Amino acid sequence: RLVDGDASSGRVEVLYDGEWGTVCDDGWDINDGNVVCRQLGFRDAIRVRTSAYFGAGSGSIWLDDVACTGSESRISDCSHNGWGVENCGHTEDAGVECGDLGACSGVNCANGGTCVDGNCTCVEGYKGELYVWLMEMLAVVELRSCMMESGAQCVMMGGTSMMVMLCADNLDLEMPSEY
């Protein structure tokens, strides 16, 4: 999640073991920011921020020395020292400014998927991972990634301050006709 910024920017916080914590800015670069932004449903990062630009967090510092290549789906997939293994203070909390919420890019259509007209087109043997964004009470449904046919289908719901991912073997979503 992004905290103490606006809808598309803020201090980066991750949820681990039921507790939100910050990310240290050691080695923090645009590749790391790109992964965070895409994980949250935004386009790539516009810029990354260091030295607690969005204010110092509190509590745990969960990740340090994060080193994403830029192709990962989630920040937790990036190389790092291990959960809670850090040598930082909250004056080193990392932040990011993301581009607009938007359609897929080539990178987040994982497993051989391609981005066509803003949606991922999956190769044979894969199906779409469905994301549902709740923006000011309006649900926007996007096909954002590709996963193995045998995997669970996931729905991610969120807004400016909260994001939830729900996964199930069979998802059947119905939208009211007024939406």
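How many bridges join S2 and strand S3, and in which sense do the two strands pair? Keep that question in mind while I say that what we are looking at is a predicted model, and then let us follow strand S2 through its partners before turning to helix H1.

To answer the opening question, S2 and S3, the latter covering residues 19–23, pair in the antiparallel sense over four bridges. One of the residue pairs you can look for is Val14, whose bridge partner in S3 is Gly21. The two strands make a hairpin with two residues between them, and in that hairpin Asp17 takes a positive phi near 55°.

S2 also pairs with strand S1, residues 2–6, again in the antiparallel sense, here over three bridges. These strands, too, form a hairpin with two residues between them, and if you find Leu2 on the structure, you will see Val12 of S2 standing opposite. A further partner is S6, which pairs with S2 in the antiparallel sense over three bridges, with Gly95 in S6 as the bridge partner of Arg11. Six of the eight residues of S2 are buried, and therefore the strand is largely enclosed by the rest of the structure.

Let us now move to helix H1, which runs over residues 30–39 and is mostly covered, since seven of its ten residues are buried. Among those buried residues are Asp32, Gly33, Val35 and Val36. At the N-terminal end, Asp29 caps the helix, with a side-chain oxygen 3.1 Å from the backbone nitrogen of Asn31, while just after the helix Gly41 takes a positive phi of about 95°.

Is Ile30, which belongs to H1, buried, partly exposed or exposed? Because its relative accessibility is 37%, and buried would require under 20%, Ile30 counts as partly exposed. Beyond its neighbours within four places in sequence, Ile30 is in contact with Ala45, Ile46, Arg47 and Val48. Ile30 and Val96 lie 66 residues apart in sequence, yet their C-alpha atoms are 8.7 Å apart in space.

Finally, the strands and the helix come together in the largest nonpolar core, which has 20 residues, and those with the most contacts inside it include Leu2, Trp28, Val36 and Val96. The elements that give two or more residues to this core are S2, H1, strand S5 and strand S6, and the largest share, three residues, comes from H1.

Conventions. Residues are numbered from 1 along each chain as its sequence is written. This is a predicted model: local features need pLDDT of at least 70, side-chain atom pairs count only at pLDDT 80 or more; totals for chains, interfaces and linings use all residues. Side-chain values use heavy atoms; hydrogens and water are left out. Buried means under 20% relative accessible area, exposed over 50%, partly exposed in between (1.4 Å probe, protein chains only). A polar contact is a pair of N or O atoms within 3.5 Å; within protein, one must be able to donate a hydrogen and the other to accept it, and residues adjacent in sequence count only if both atoms are side-chain atoms. A nonpolar core is a set of buried Ala, Val, Leu, Ile, Met, Phe, Trp, Tyr and Cys residues joined through side-chain atoms within 4.5 Å. Contact means heavy atoms within 4.5 Å. Two strands pair if DSSP finds at least two bridges between them.
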